[in-house]
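Please study the structure shown below before attempting the exercises. Each task is followed by a worked solution.

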Amino acid sequence: MFSDDASFEAHYRGQSPIIREELIDIYAPPGKLGVVIDTPDDDAPVVHAIKDSSCIADKLKVGDKLVAVDDEDVRSMTAIKVSKMISRKSANPTRKLSVIRMTVAE
């Protein structure tokens, strides 16, 4: 029912989990991506949902922070502005999405 989680185990052993930030570049093909972006708490845009049919579903994860699109910084943009930017570039052969992914080190 529940899977083991390193952060859960560390918490109950009195240890703080080690959180690691990883910068990942994802290259998306032309067309729609099937990704919903949100800007919670006026922070950087975050991946909120990914359709099963998304062409980048195997590369992107819910919770990834979007920091750049084609090397243009988007951290201070709203979700709507970022979505429009990605849509405007939908005819490009590729679009580079740079995300920061938080992981718990084991």
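The exercises below concern a predicted model and proceed from the chain as a whole to single residues.

**Exercise 1. Describe the overall make-up of the protein chain.**

Solution.
- Step 1: The secondary structure consists of two helices and six strands.
- Step 2: In sequence order, these elements give the pattern α-β-β-β-β-β-α-β.
- Step 3: The chain has 106 residues, and 29% of them count as buried.
- Step 4: Among contacts with a separation of 6 or more, 59% join residues 24 or more positions apart.

**Exercise 2. Determine which elements supply the largest nonpolar core.**

Solution.
- Step 1: This core has 18 residues, and those touching the most other members are L66, V69, V82, I86 and L97.
- Step 2: At least two core residues come from each of strand 1 (18-28), strand 4 (65-69), helix 2 (79-88) and strand 6 (95-105).
- Step 3: The greatest contribution is that of helix 2, with four residues.
- Step 4: Beyond residues up to four places away in sequence, L66 touches I37, A44, P45, V74, R75, V82, I86, L97, S98 and V99.
- Step 5: As a general background, nonpolar side chains in soluble globular proteins tend to be buried together.

**Exercise 3. Establish how the buried and exposed residues of helix 2 are arranged.**

Solution.
- Step 1: The buried residues of helix 2 include A79, V82, M85 and I86.
- Step 2: These residues lie on the same side of helix 2, because they cover an arc of only 125° around the axis.
- Step 3: A general rule is useful here: an α-helix has 3.6 residues a turn, so residues three or four places apart point the same way.
- Step 4: The face turned away from the buried side of helix 2 carries I80, K81, K84 and R88, which are exposed.
- Step 5: The cover over the buried residues of helix 2 includes strand 2 (35-38), strand 4, strand 5 (72-73) and strand 6.

**Exercise 4. Classify P93 and M102 as buried, partly exposed or exposed.**

Solution.
- Step 1: P93 belongs to the loop between helix 2 and strand 6.
- Step 2: The relative accessibility of P93 is 68%, and the cut-off for exposed is over 50%; P93 therefore counts as exposed.
- Step 3: Apart from neighbours within four places in sequence, P93 contacts A28, P29 and P30.
- Step 4: M102 lies in strand 6 and has a relative accessible area of 47%, so M102 is partly exposed.
- Step 5: Together with I19 and V104, M102 forms a nonpolar surface patch of about 250 Å² of accessible area.

Conventions: Residues numbered from 1 in each chain as written. Predicted model: local features only at pLDDT ≥ 70, side-chain atom pairs only at ≥ 80, totals over all residues. Heavy atoms only, no water. Core = buried A, V, L, I, M, F, W, Y, C linked by side-chain atoms within 4.5 Å. Buried < 20%, exposed > 50% of the residue type's maximum accessible area, 1.4 Å probe, protein only. Contact = heavy atoms within 4.5 Å. Arc of directions from axis to C-beta. Patch = residues over 30% accessible without salt bridge, like charges linked within 9 Å, V, L, I, M, F, W, Y side chains within 5 Å. Areas by Shrake-Rupley, 256 points an atom, 1.4 Å probe, with all protein chains shown as cover. Salt bridge = Lys/Arg side-chain N within 4 Å of Asp/Glu carboxyl O.
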